[in-house]
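Got your viewer open? Load the model, set it to a cartoon view, and let's take a walk through it.

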Amino acid sequence: MLLFKNTQDIQEAVAKYCISGEIIELPNTSIERLSNYKRLVNNILIDTIESAYPITVANIEVEIWDILVQQFIQNHNCQTPIIWQLPFEFYQFVVENNFQEQYQLPILNELLYFEWLEIEMFMMVDVPLYNFKTDGNIANDIIYLNPESRIIQLNYPLHKF
C-alpha cells in the first residue's frame, strides 16, 4: 500500500463527503472549507460528462440531463482513476439503470454510446495502416477499411446529428 492507513481513511472520507454531501468531521478541517472541495469535485465531474456528450446535452431536456448526472454522481461507485474514461462509466450507469425507458428517450443509449466511441477512438493508440494501393480496380482488388474506424449498428441515424 502506498498510503498510510489514516491518510487513505481521510481521503475516502473527503471523497464520500464530496459525492454524498454527508457531513464529516476530520481533524483540523471545517465544513466550510470542505464544501469548496465538494463544489470543485462536482464541477469537474459535471464538466467531464457534459464535455463528453455535447450532442446528448443539446438534445434532451436540461432537467432530465441534470437528474441523470446527479444520479450518477450520487449513486455510482466510480472505478476508473482516469478522468477521460469517466464518461464510459456514465454511459454504463445510464444503460444499467434503464433511464432510456424511465424518461421515454428511446435514442438515449445509442446517442451516448455513439458519442463515447468518438472519445475512445480519439484516445486509442495509433494503429498502423495496411499496405494499400491508391489506384486499382475496386471490383477486383481487396478493399481495406481504416483500422481506426468502427462499424456499429444503430437504430437511429445519429450520424446526421
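Before we go anywhere, here's a term for later: on a 1 Å grid over the protein atoms alone, a pocket is an open set of points where a 1.4 Å probe fits, with protein on both sides within 12 Å along at least five of seven lines, and lining residues have an atom within 4 Å of a point. Grid points are joined across faces, edges and corners, and the volume is the space filled by probe spheres set on them.

A bit of housekeeping. This is a predicted model, where local features need pLDDT of at least 70 and side-chain atom pairs count only at pLDDT 80 or more, while totals for chains, interfaces and linings use all residues. Residues are numbered from 1 along each chain as its sequence is written, and side-chain values use heavy atoms, with hydrogens and water left out.

**Stop 1: the whole thing.** Colour by secondary structure and you'll find seven helices and zero strands (DSSP runs: H or I of at least four residues for helices, E of at least two for strands, numbered from the N terminus). Zoom out: the C-alpha atoms fill a box of roughly 75 × 40 × 20 Å along the principal axes.

**Stop 2: the largest pocket.** Select Ala15, Ile19, Leu45, Cys78 and Thr80. About 500 Å³ of space lies in the largest pocket, and these five are the closest to its centre among the 18 lining residues. Now add α1 (5-20) and α2 (31-52), which each supply at least two lining residues. Which helix gives the most to this lining? That's α1, with five residues.

**Stop 3: the second largest pocket.** Here about 330 Å³ of space is waiting. Select Phe132, Lys133, Ile142, Ile143 and Tyr144: of the 17 residues in this lining, they lie nearest the centre.

**Stop 4: the rings.** The structure holds ten aromatic pairs (rings of Phe, Tyr and Trp, using Trp's six-membered ring, with centres within 6.5 Å; planes under 30 degrees apart are stacked, over 60 edge-to-face, the rest tilted). Show Phe72 and Phe90 as sticks: they form an edge-to-face pair, 5.4 Å centre to centre with 85° between the planes. Phe72 sits in α4 (62-75) and Phe90 in α5 (86-96), 18 residues apart. Are these two buried or exposed? Both are buried, meaning under 20% relative accessible area with a 1.4 Å probe, protein chains only.

Last click: add Tyr53, Trp65, Phe93, Phe99 and Tyr103, which ring pairs link with Phe72 and Phe90 into a cluster.

Terms used:
Buried < 20%, exposed > 50% of the residue type's maximum accessible area, 1.4 Å probe, protein only.
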